[in-house]
Amino acid sequence: MRGLALLQGVIVSIWQVFMQIPSETDWEGVQNSNDLDAGYAHKIFFGKSLSEIQPDFARNPIERCDELRFMPKIPFQYYILAFRDFVINIDKLDDWKSDGASCFISLIAEILENKPEFIAPVYYELEASLEFISQNQALYEADEDIYGSFQSTMKKIRALSQSAI
């Protein structure tokens with residue numbers, strides 16, 4: 001089983017080398033649809049690299065998290081990595097530590113439950129960051145009475161990932 005996980009990690013790493021900013025085709029025409037949420041996500045994210053979108057996450061990770069929910073699969077798979085990069089860089093989160101971490105870990109659980117095919121190709125790129133966040137809730141200043149238990153959410157993520165991946 002460990003060999004399979006290693007092989008999947010290598011495949012994901014190779015995939016990331018070939019990853020490109022999602023094209024207009026990848027966005028599946030959302031900018032011209034009646035889906036206002038997906039259209040707004042397109043307006044904010046389209047054409048931006050993982051590093052170029054970081055200031056948008058810094059302005060409001062709660063809103064960026066919500067926009068990720070409405071993206072088509074390929075843009076989601078690309079930009080969830082930007083959200084990971086934002087949340088894991090704890091020294092630059094300023095006032096967004098707890099909200100950013102909570103939104104990220106909760107979004108992964110939600111997408112694994114409702115759209116596992118969105119997460120499967122990138123899960124191993126997210127897993128270590130999810131584990132770090134779940135084991136360091138205090139570092140993110142995320143009061144368990146307000147944000148719930150990150151470890152409980154991670155337990156759910158692990159269970160969902162077993163059936164999804």
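Which residue just after α2 takes a positive phi? The exercises below concern a predicted model.

**Exercise 1. Identify the residue with positive phi and describe the helix that precedes it.**

Solution.
1. The residue is Gly47, with a phi of about 80°, and it follows just after α2.
2. Helix α2 spans residues 36-45.
3. At the start of this helix, the backbone nitrogen of Asp37 lies within 3.2 Å of a side-chain oxygen of Asp35.
4. Ala38, Gly39, Ala41, His42, Ile44 and Phe45 are the buried residues of α2.
5. The cover over these buried residues includes α3 (54-59), α4 (61-69) and α5 (73-88).

**Exercise 2. Determine whether Ile88 is buried, partly exposed or exposed, and place it on the surface.**

Solution.
1. Ile88 belongs to helix α5.
2. Buried requires under 20% relative accessible area and exposed requires over 50%.
3. Ile88 has a relative accessibility of 31% and therefore counts as partly exposed.
4. Together with Phe132 and Leu139, Ile88 makes a nonpolar surface patch of about 220 Å².

**Exercise 3. Characterise the chain as a whole.**

Solution.
1. Begin with the secondary structure: the chain has ten helices and zero strands.
2. Turn to burial: 44% of the 165 residues count as buried.
3. Consider the surface: the chain exposes about 8700 Å², of which carbon and sulfur atoms supply 52%.
4. Finally, examine the contacts: among those between residues at least 6 apart in sequence, 69% join residues at least 24 apart.

Key:
Residues are numbered from 1 along each chain as its sequence is written. This is a predicted model: local features need pLDDT of at least 70, side-chain atom pairs count only at pLDDT 80 or more; totals for chains, interfaces and linings use all residues. Side-chain values use heavy atoms; hydrogens and water are left out. Buried means under 20% relative accessible area, exposed over 50%, partly exposed in between (1.4 Å probe, protein chains only). Helices (H or I, at least four residues) and strands (E, at least two) are DSSP runs, numbered from the N terminus. Contact means heavy atoms within 4.5 Å. A polar contact is a pair of N or O atoms within 3.5 Å; within protein, one must be able to donate a hydrogen and the other to accept it, and residues adjacent in sequence count only if both atoms are side-chain atoms. Accessible areas come from the Shrake-Rupley method with a 1.4 Å probe; for residues, only the protein chains shown count as cover. Patches are made of residues with over 30% relative accessible area and no salt bridge: like charges are joined within 9 Å, nonpolar side chains (Val, Leu, Ile, Met, Phe, Trp, Tyr) within 5 Å. A salt bridge is a side-chain nitrogen of Lys or Arg within 4 Å of a carboxyl oxygen of Asp or Glu.
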